[in-house]
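Here's a quick tour for anyone opening this entry for the first time. Have a look at the sequence and the fold, then read on for pockets, ligand contacts and a few residues to look up.

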Amino acid sequence: MLIEGQSVLVTGGGSGLGAATARHFAGEGAKVAILDFDLGRAQAVAGEIGGVAVQADVGDAAAVGAALDEASRQLGSAPRIVVNCAGVGLAARIVGREGKLSFDVFEKTLRVNLFGTFNVMSHAARRMMELEALENGERGVIVNTASVAFEDGQLGQAAYAASKGGIAAMCLPAAREFARYGIRVMAIAPGLF
Ligand SMILES: NC(=O)c1ccc[n+]([C@@H]2O[C@H](COP(=O)([O-])OP(=O)(O)OC[C@H]3O[C@@H](n4cnc5c(N)ncnc54)[C@H](O)[C@@H]3O)[C@@H](O)[C@H]2O)c1
């Protein structure tokens, strides 16, 4: 897909991988919206690249829908390119000191990383399906961020590895579901950066 002029949404674009991704797309001439829980950081990056910033907790499906509507409005169209970078890297033993269990860490990690990716992917795909197809039948692309931890989780990464394993596992069924609309789905599994 020719990136220049396309509408792009990057989640977690206020920091790290997401910020670098947003800068990259802006450098290629795309119109970039950054969705982040931390609006101040999102606005700082958006201001730097001439993009727009919207606030949402990716774990909140309704908030994600509203943020996507707002981003689409400000960009002039729904995003054709969506990169999910929002995530948390909480670490905890399954059974910690004095027998303390880590369900709260597990729940939060799954909610942000896995449910958050699902929320953004589903809301974005529904809007992408309504876009006019490009010359080659393509409508859009969704890139989700897993991690090398999905298959090589370290001690303390049970929750993180489970969340990233879910992202890796749902990639293929999502790609199969959206292929007929000309929407590609992929997952990346970075190592430490
Ligand atoms: N840093 C690494 O070594 C590494 C390695 C492999 C995979 N990853 C993955 O890459 C992605 C980006 O990592 P990073 O190191 O750049 O992270 P980072 O902490 O620098 O940035 C994450 C961004 O996500 C936002 N965010 C967090 N929770 C959110 C929520 N509930 N809703 C919306 N936004 C939220 C934060 O505000 C922040 O701006 C993550 O999914 C991470 O798991 C990172």
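Let's begin with the largest pocket, which has a volume of about 850 Å³. Of the 36 residues lining that pocket, Cys 85, Ala 86, Gly 87, Val 88 and Gly 89 are the closest to its centre. Keep in mind that this is a predicted model. The rest of the tour comes in bullets, grouped by topic.

**The largest pocket**

- Which elements each supply at least two residues of the lining here? They are H1, strand S2 (31-36), H4 and helix H5 (158-178).
- Sorted by class, the lining of the largest pocket comes out as 18 nonpolar, eleven polar and seven charged residues.

**The second largest pocket**

- The second largest pocket holds about 150 Å³ of space.
- Two elements, H4 and H5, give two or more residues to the lining of this second largest pocket.
- H4 gives the most to that lining, with six residues.
- If you want to find the spot, the residues lining the second largest pocket include Phe 118, Met 121, Arg 126, Met 170, Glu 177 and Phe 178.
- By class, the lining of the second largest pocket splits into eight nonpolar, one polar and two charged residues.

**Around the ligand**

- There are 26 residues around the ligand, and Ser 15, Leu 17, Asp 36, Asp 57 and Tyr 160 come nearest.
- Leu 17 uses its backbone: a polar backbone atom of Leu 17 sits 2.7 Å from an oxygen atom of the ligand.
- Tyr 160 uses its side chain instead, with an N or O atom there 2.7 Å from an oxygen atom of the ligand.
- Val 58 has a backbone N or O atom 3.0 Å from a nitrogen atom of the ligand.

**Salt bridges**

- How many salt bridges does the structure hold? There are six salt bridges, and three of them are picked out below.
- As background, side chains of opposite charge can pair when their charged atoms come close.
- Arg 23 pairs with Glu 48, and their closest N and O atoms are 2.5 Å apart. Arg 23 sits in helix H1 (residues 16-27) and Glu 48 in helix H2 (residues 39-49), so this salt bridge ties together parts that are 25 residues apart in sequence.
- Arg 23 itself is partly exposed, at a relative accessible area of 38%.
- Arg 127 and Asp 69 meet through their side chains in a salt bridge of 2.9 Å, N to O. This pair links distant parts of the chain, with Arg 127 in helix H4 (residues 103-129) and Asp 69 in helix H3 (residues 61-75), 58 residues apart.
- Is Arg 127 buried or exposed? Arg 127 is buried, because its relative accessible area is 11% and the cut-off for buried is under 20%.
- Asp 69, its partner, counts as partly exposed at 43% relative accessibility.
- Glu 70 and Arg 73 make another salt bridge, where the closest N and O atoms are 2.8 Å apart. The two lie three residues apart in helix H3, so about one helical turn separates Glu 70 from Arg 73.
- Glu 70 counts as partly exposed at 27% relative accessibility, while Arg 73 counts as exposed at 59%.

**Two loop residues to look up**

- Asp 38 is in the loop between S2 and H2, and Asp 38 is partly exposed with a relative accessible area of 32%.
- The side chain of Asp 38 reaches the backbone nitrogen of Gly 40 at 3.2 Å.
- How far apart are Asp 38 and Asp 57 in space? From C-alpha to C-alpha they are 8.8 Å apart, with their positions 19 residues apart in sequence.
- Glu 98 lies in another loop, the one between strand S4 (81-84) and H4.
- Glu 98 has a positive phi of about 55 degrees although it isn't a glycine.
- Glu 98 counts as exposed, because its relative accessibility is 87% and the cut-off for exposed is over 50%.

Definitions and conventions:
Residues numbered from 1 in each chain as written. Predicted model: local features only at pLDDT ≥ 70, side-chain atom pairs only at ≥ 80, totals over all residues. Heavy atoms only, no water. Salt bridge = Lys/Arg side-chain N within 4 Å of Asp/Glu carboxyl O. Helix = DSSP H or I, 4+ residues; strand = E, 2+ residues; numbered from the N terminus. Buried < 20%, exposed > 50% of the residue type's maximum accessible area, 1.4 Å probe, protein only. 1 Å grid on protein atoms, 1.4 Å probe; cavity = no way out; pocket = protein on both sides within 12 Å on 5 of 7 lines; lining within 4 Å. Points joined across faces, edges and corners; volume = space filled by probe spheres on them. Nonpolar A, V, L, I, M, F, W, Y, C, P; charged D, E, K, R; others polar. Near = heavy atom within 4 Å. Polar contact = N/O pair within 3.5 Å; in protein donor to acceptor, adjacent residues only side chain to side chain.
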